[in-house]
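Biologist: Could you take me through one part of this model closely, namely the place where the two chains meet? I would like the helix packing there, with the chains themselves as background.

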Amino acid sequence: MSFKNTFVIGLVAWLSGLLFGVGLIISGMANPAKVLNFLDIFGHWDPSLAFVMGGAVVVTLVGFKLVSKQANPVLLPSFQLPTRQDIDKPLIIGAVFFGLGWGVGGYCPGPAWTALSAFAPGTLVFLVAMLIGMSLATGFKKRLT
Amino acid sequence: MEPIVATEFTPLASLLGGVLIGLSALAVLIFFGRIAGISGITTGAFTGASGDRLWRVVFIAGLVSAPLILILFNMEFLGEGTSYPAIISDNYLGMAFAGLCVGVGTVLGSGCTSGHGVCGLGRLSARSLVAVITFMATAVLTVTVIRHVL
């Protein structure tokens, strides 16, 4: 990879991550209090976050359809998209674990990263535990298949 | 787990933020040909093939730098009422449990809110729809039990 390619990939990746993070912050997704109130439909329900998913999915629904006509991505050699369609046990069990953790902590992976720079001990504990969980499960999943 | 804090209903800010997230996912697909799922990007940043790692690591750096950039350009107001400053729990045992569940769950279930939600639903994936319904239902049940049953 030439220096110029590396630079362009880095710049586009940074801007994309930045856009994602700014979206998380503006939308309220990055605030665990707002997330937990969104999930608290029988109590302090704050339905705002339904609008986050709504806004994002409208863009991906339309945009992904247009991109599917593209032969290759602009900066990497080829598309690598999920092809599986079967509903298997790990999908369900994983989603249950994820929902449990999201409901307890109020963080999903994106907001855990955007919150890092505030250095709040609670977030740091969450983030480190999340990375440990990911690495354990990656090893476990490899043995399953 | 978190202290219960009332939050105001912010449909416009949330919609706008959602559109930005969608545009970012679209950019990742157009430029890198990959799904912008944060859990997948995170694991791939550590374990992915070498040519596939750089963009993931830098994308995460972009996520991490987002609040700093907002502050640097005096745009904290953009998150006002929605997320900044966030209220974060100091129940470390609970946060460790939550992080572990999210880490294990997103790898086992092949995605999180962004991979299955934003991208998967946009691709009309049945697997993602099932995952989203499952983690949403579990999360609602979890919060309901913690706040109203325990």
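Modeller: Happy to; I will begin with the chains, go on to the contact between them, and end with two loop residues.

A word on the ground rules: this is a predicted model, in which local features need pLDDT of at least 70 and side-chain atom pairs count only at pLDDT 80 or more, while totals for chains, interfaces and linings use all residues. Residues are numbered from 1 along each chain as its sequence is written, and chains are lettered from A and ligands numbered from 1 in the order in which they are written.

Chain A has six helices and zero strands; helices (H or I, at least four residues) and strands (E, at least two) are DSSP runs, numbered from the N terminus. From the N terminus on, its pattern is therefore written α-α-α-α-α-α. The C-alpha atoms of chain A fill a box of roughly 50 × 40 × 30 Å along the principal axes. Of the 145 residues in chain A, 50% are buried, where buried asks for 20 or more other C-beta atoms within 10 Å of the residue's own, exposed for 12 or fewer, and partly exposed lies in between, with C-beta atoms placed from the backbone. Among the contacts in chain A with a separation of 6 or more, 40% are between residues 24 or more positions apart; a contact here means C-beta atoms, placed from the backbone, within 7 Å.

Chain B also has a helical make-up, with six helices and zero strands, in the order α-α-α-α-α-α along the sequence. Its C-alpha trace spans about 45 × 40 × 30 Å along the principal axes. Buried residues account for 56% of the 150 residues of chain B. For contacts in chain B between residues at least 6 apart in sequence, 51% join residues at least 24 apart.

Within chain A, the domain assignment gives domain 1 (1-81) and domain 2 (84-145); such bounds come from an automatic or database domain assignment. The C-alpha centres of these two domains of chain A lie 18 Å apart. Ten residues of domain 1 of chain A are in contact with eight residues of domain 2 of chain A. On the domain 1 side, α1 (3-27) and α2 (32-39) of chain A are the elements that give two or more residues. That side has nine nonpolar, one polar and no charged residues, with Ala, Val, Leu, Ile, Met, Phe, Trp, Tyr, Cys and Pro counted as nonpolar, Asp, Glu, Lys and Arg as charged, and the others, Gly among them, as polar.

Now to the part you asked about. The contact between the chains takes 110 residues from chain A and 106 residues from chain B. On the chain B side, two or more residues come from each of α1 (11-32), α2 (38-47), α3 (54-72), α4 (92-108), α5 (113-122) and α6 (126-149) of chain B. Of these, α1(B) gives the most, with 21 residues. By class, the chain B side divides into 66 nonpolar, 34 polar and six charged residues.

One helix pair to look at is α3 (residues 48-67) of chain A with α1(B), whose axes come within 7 Å and cross at roughly 30°. Axes are lines fitted to C-alpha atoms, for helices over the stretch in contact, and angles run from 0 to 180 degrees between N-to-C directions. So α3(A) and α1(B) are roughly parallel, given that angles under 35 degrees count as roughly parallel, over 145 as roughly antiparallel, 65 to 115 as roughly perpendicular and the rest as oblique. The crossing of α3(A) and α1(B) is right-handed; that means the near helix is turned clockwise from the far one by less than a right angle, and left-handed means anticlockwise. Their contact has 19 nonpolar, nine polar and no charged residues.

Another pair is α4 (residues 89-105) of chain A and α4(B), which pack at about 155° with axes 7 Å apart. This makes α4(A) roughly antiparallel to α4(B). The crossing of α4(A) with α4(B) is left-handed. Residues that meet here include Phe97(A), Phe98(A) and Trp102(A) in α4(A), and Met95(B), Phe97(B) and Cys101(B) in α4(B). The contact of α4(A) with α4(B) has 16 nonpolar, seven polar and no charged residues.

Finally, the two loop residues. Phe119(A), in the loop between α5 (109-114) and α6 (121-144) of chain A, has a positive phi near 50° though it is not a glycine. Phe119(A) is exposed, with 8 other C-beta atoms within 10 Å. In chain B, Leu124(B) sits in the loop between α5 and α6, and its phi is near 55°, again a positive value in a residue other than glycine. Leu124(B) is exposed, with 11 other C-beta atoms within 10 Å.

Definitions and conventions: Contact = placed C-beta atoms within 7 Å.
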